[in-house]
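User: I am new to this structure and would like a close look at one part of it. Please take me through its cavities, then show me how that part sits in the rest of the chain.

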Amino acid sequence: MSMNKKQLLEKFQKTPEKYWYLQFFKDNGFIRKKCKKCGKYFWTKDPDQEVCNDSTCRPYEFIGNPPTKKEFDYFSLWEKIKKFFEKEGHTNVKRYPVICRWFPDLYFTIAGVVDFYRKDGNNFVFELPANPVIILQPSLRFNDIPQVGVSGRHFTSHSHLEQSSLFDGNKGYWKERCIELDYRMLTEILGIKPEKINFIEDVWLGPGAFGYSLEYHVAGLELGNAVFTEFRGTPEKFSVMKEKLIDMGAGFDRMVWISKGTPTNYDALWRDIIKKVTKKLDIPYDDNALSKYSRFSGSLGADNILDMEKARLEVAEKIGMSAEEFENKIRPIQSLFAIIDHVQTLMFAISDGGIPSNIGGGYNLRVILRRSLSFIERYNWDLDLNWIAEMIAEFWKPLYPELKENLEKFKIILEIEKTKYIENRKNAEKTLKKIFESGNEITESKLVELYDSKGISPELVKEIGKKYKINVPISSRIYRLVTEKHEMTKPKSKELIVDEKKLEGVEKTTPLYYDKIYEFDAKVLKIIDNYVILDKTAFYPRGGGQEPDQGKINNCKVIDVEKINNIILHEVEKINFKEGDIVRCVIDEERRNKLTQHHTATHIINAASRMVLGEHVWQTGAKKDVDKAHLDISHYKSLTKEEVDKIEKTANEIVKGKYKVTKEFLDRPEAEKRYGFRIYQGAAVPSRKLRIVSIDDIDHEACAGTHVDNTEEVERILILKTEKPHDGAVRIIYVAGDSLKEYSNKCKSILNSVEKLLKTNTPIEKINDMISEIKENRKKIEKLEKEIADIQTQKLKFESYGDLRVLIAQVDASPEELQKISLKLSGDDTVIFLFGVKGDKINIFASSGKKFDKDIGELVKKVSEFLGGRGGGSKSLGRGFGTKIDLLEEAKTLVRDMLNG
């Protein structure tokens, strides 16, 4: 079993002098103590301090009493801290996107250090753009959603001050220098007295590396955490890193907060926005009540609270605040704080290409948007989220003008999502109605399931539960349980075609496929079953969405090519050679050319889509086959015909432009610096060397596929159709080059066949006439069916079952007509069971009125199963089918028995 964070801390604290004892502490009079409340070890200058400064151990002591030398606003404090670190040799770099494109296991940039996460093969590495470096990084986290707006300090988007240095013994710096700089930042820039500062010992476990840390806390608030990443691997199997990493991450928002001493961190940032909104909505803002509550709300940040609602009321009780006062003075303001936070998060995400959806990280974005809308609905507020977004964009304009530039896109997406929210709300209420009426308990795992599979937020479950007088506890960790797999979802491992153990000792294959070689000789290194490994090969292996080459080895057919690590395996039919032989290899040149044209066409369409639809367009998937190809792009709605036509036209203009298609190998940091993170279109590339494919200055992508040398070689692109593979994405299906010629010839052949079949030179007109005739006949049939159903309805007679009127009958009608008849005859005192025989199938429709106390859906299920089919429904409506027509009369008897039972 893997060691967890708690176990790692216990292990390290057996020899604390290896990790946390610093000369800096000794020189500056810090002593190590154990907190009497939480048991953590901490460093302090106060010999009488018995309880550490963690918020779980003491209230926020700085509210109304800031420990800094003066009050700072966000932008002036950043300028001072930036200059401080620059003077100390650090390079300040521009923020990275909040959508993490460069690291394969993350959807979001959840902390500043994530900017430097990279993969080299299977190894986890850090790559800094400068050494040492400082960056103010907006970061998105979704595991603390219940605490946002409540604890006073939690956000889904926060400003992460990242101070990093790689230390190899000579370059960069290590622990002593890090803590010295952070101490000086606190004392010299913020003006906090040294005796107010605690350094609390902790550890850090990351994806492929780990280390220990010193968190610095002041007056009940954690301001930063200096992580000393020293080990690569896991606590069970690790090595000391050649280049150790200083990863100091500070909550920059909290530094502003502690300098202002406002009731919450939200006030410290958005005071003007909050004032405008509370005035518009006529919400009372009681600064005194909020200050009293907020001093103790830090305890609500713990991740082990089983019932957040209960915990919030307990804080109110602790300060002598009644539940009514909490409802009127605290809860609405906390909801407003959450709304502003959520809108800010959405703005950063949408500006960087994120889109709310039902998969991956887009799901988290949709949840916080719907959470905001549900708060507005709960309080019946006349509040436009676009207005909030405009104020947030104005606030961040000095640092992040891109938020204002993307406001229109935010507004479009908001309108689309509001429509979906209304529909989801209706479906959610139906789903939850069934659950609550069934009496099933809503456990934490059930909340996670509802959230993950149906998009029903825990807050909505709790709200609807109140209608049924059922309390649904929401724990502080509920969103973390889901977002752990959304933030850190690893791609499914590819099923290997051969056991990797059989590849041990085999030399890596030298690739020749980038040199347009179609015939070559190679040596056979190994044969495993029907897979052949050569010392070199021009056969392109399946990868990056491109299908593999085919051809022949020694006249034996090559049907597939795969790559495992750096070894390329050829699946060969009827092998007539052995290991050690020199064989003649021939590539199917026609197939290769079609695949190559389609791959370059994919890059062209991606660029064209971005030009037409906007900068939010990213490739989310692709497949390049011989007969056609498709590209999946991120987009918030289906494409119109006009948009498709414009994309096709733009793509063909690029083709006709005769732009050079260049390929170059660059070191990853150089490629990112030169072309930005747009190079990661398909996915992050786990390699220090990247092959960059550029179409002039139109498009640059990290790509290992085969490409033409000039866009004119693609000849022409035709978009066949578009569809939605999933929410938040659009699939563009197209054909290009030689495959387009074949497609065109095939279409002409089909058209000729249709002309002959219809005996006309104008087949479209003839087909339209036939369609019109079919539609007219369908209307006549529907009219006749209705007349027949009306006649049958008049003949139907109800039976009396006590206070109920019951109708059990066989009717010659379609499933739709069965439903219409049933609903037409239904009343509060009716139970209707109709059977309609069509061919070898029995359709069933049933309904019941308010006076019937049984579940009609359950009855339909039993009758359908008796007839060899399936069925079900709600308490008052049910439908099903069966195939055992010979049991129909017995089925009617079964219905009567169940009604009598």
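Analyst: Start with the cavities. This is a predicted model, and it holds four cavities of 30 Å³ or more. The largest cavity has about 80 Å³ of space.

Which residues line the largest cavity? They are Val367, Arg370, Arg371, Ser374, Tyr421, Asn424, Arg425, Gly455, Ser457 and Leu460. Sorted by class, three are nonpolar, four are polar and three are charged. Two helices each give at least two residues to this lining: α10, residues 360–379, and α13, residues 407–438. The largest share comes from α10, with four residues.

Now pick out one lining residue, Ser457. Ser457 sits in the loop between α14 (444–454) and α15 (458–467). Is Ser457 buried or exposed? Its relative accessibility is 13%, so Ser457 counts as buried; the cut-off for buried is under 20%. Leaving out residues up to four places away in sequence, Ser457 touches Tyr451 and Tyr479. Ala428 is 29 residues from Ser457 along the chain, and their C-alpha atoms are 9.3 Å apart.

That is the cavity. Next, the chain around it. The protein chain has 24 helices and 32 strands. Its C-alpha trace spans about 95 × 85 × 50 Å along the principal axes. Of its 901 residues, 54% count as buried. Take the contacts in the chain with a separation of 6 or more: residues 24 or more positions apart account for 65% of them.

Another loop residue can be set beside Ser457. Thr711 lies in the loop between β24 (699–702) and β25 (717–723). Thr711 has a relative accessible area of 0%, so it is buried. Its side chain reaches the backbone oxygen of Ile654 at 2.9 Å. Ile654 is also one of the residues that Thr711 touches, once residues up to four places away in sequence are set aside. The others are Ile604, Val655, Gly657, Lys658, Tyr659, Val661 and Ile695.

Helix α6 is worth a stop. It runs over residues 265–281 and bends by about 85° at Arg271. How does α6 begin? Thr264 caps its N-terminal end, with a side-chain oxygen 3.2 Å from the backbone nitrogen of Tyr266. Asp282 follows α6, and its phi is positive, near 60°.

Which residues of α6 are buried? They are Asn265, Tyr266, Asp267, Ala268, Leu269, Trp270, Ile273, Ile274, Val277, Thr278 and Leu281. Tyr266 thus appears twice: as a buried residue and in the cap made by Thr264. The cover over the buried residues of α6 includes α3 (74–87), α5 (252–260), α7 (287–297), α9 (323–351) and α11 (385–396).

Some loops have backbone details to check. Asn131 and Pro132 are joined by a cis peptide bond, with omega about 0°. Pro132 is placed in the loop between β5 (123–126) and β6 (133–140).

Two lysines come next. Lys516 is a residue other than glycine with a positive phi, near 55°. It lies in the loop between β12 (510–511) and β13 (519–528). With a relative accessible area of 38%, Lys516 is partly exposed. Lys574 is also a residue other than glycine, and its phi is positive, near 50°. The loop that holds Lys574 runs between β18 (567–572) and β19 (582–587). Lys574 has a relative accessible area of 79%, so it is exposed; exposed means over 50%.

Finish with a residue in a helix. Lys795 belongs to α21, residues 763–795. At 64% relative accessibility, Lys795 counts as exposed. How far is Lys795 from Arg295? The two are 500 residues apart in sequence and 75 Å apart in space, C-alpha to C-alpha.

Back to the part you asked about. The largest cavity holds about 80 Å³ of space, and α10 gives the largest share of its lining. Ser457 is one of the lining residues, and it is placed in the loop between α14 and α15.

Methods. Residues are numbered from 1 along each chain as its sequence is written. This is a predicted model: local features need pLDDT of at least 70, side-chain atom pairs count only at pLDDT 80 or more; totals for chains, interfaces and linings use all residues. Side-chain values use heavy atoms; hydrogens and water are left out. On a 1 Å grid over the protein atoms alone, a cavity is a set of points where a 1.4 Å probe fits but cannot get out, and a pocket is an open set with protein on both sides within 12 Å along at least five of seven lines; lining residues have an atom within 4 Å of a point. Grid points are joined across faces, edges and corners, and a volume is the space filled by probe spheres set on the points. Ala, Val, Leu, Ile, Met, Phe, Trp, Tyr, Cys and Pro count as nonpolar, Asp, Glu, Lys and Arg as charged, and the others, Gly among them, as polar. Buried means under 20% relative accessible area, exposed over 50%, partly exposed in between (1.4 Å probe, protein chains only). Contact means heavy atoms within 4.5 Å. A polar contact is a pair of N or O atoms within 3.5 Å; within protein, one must be able to donate a hydrogen and the other to accept it, and residues adjacent in sequence count only if both atoms are side-chain atoms. The bend at a residue is the angle between axes fitted to the seven residues ending there and the seven starting there.
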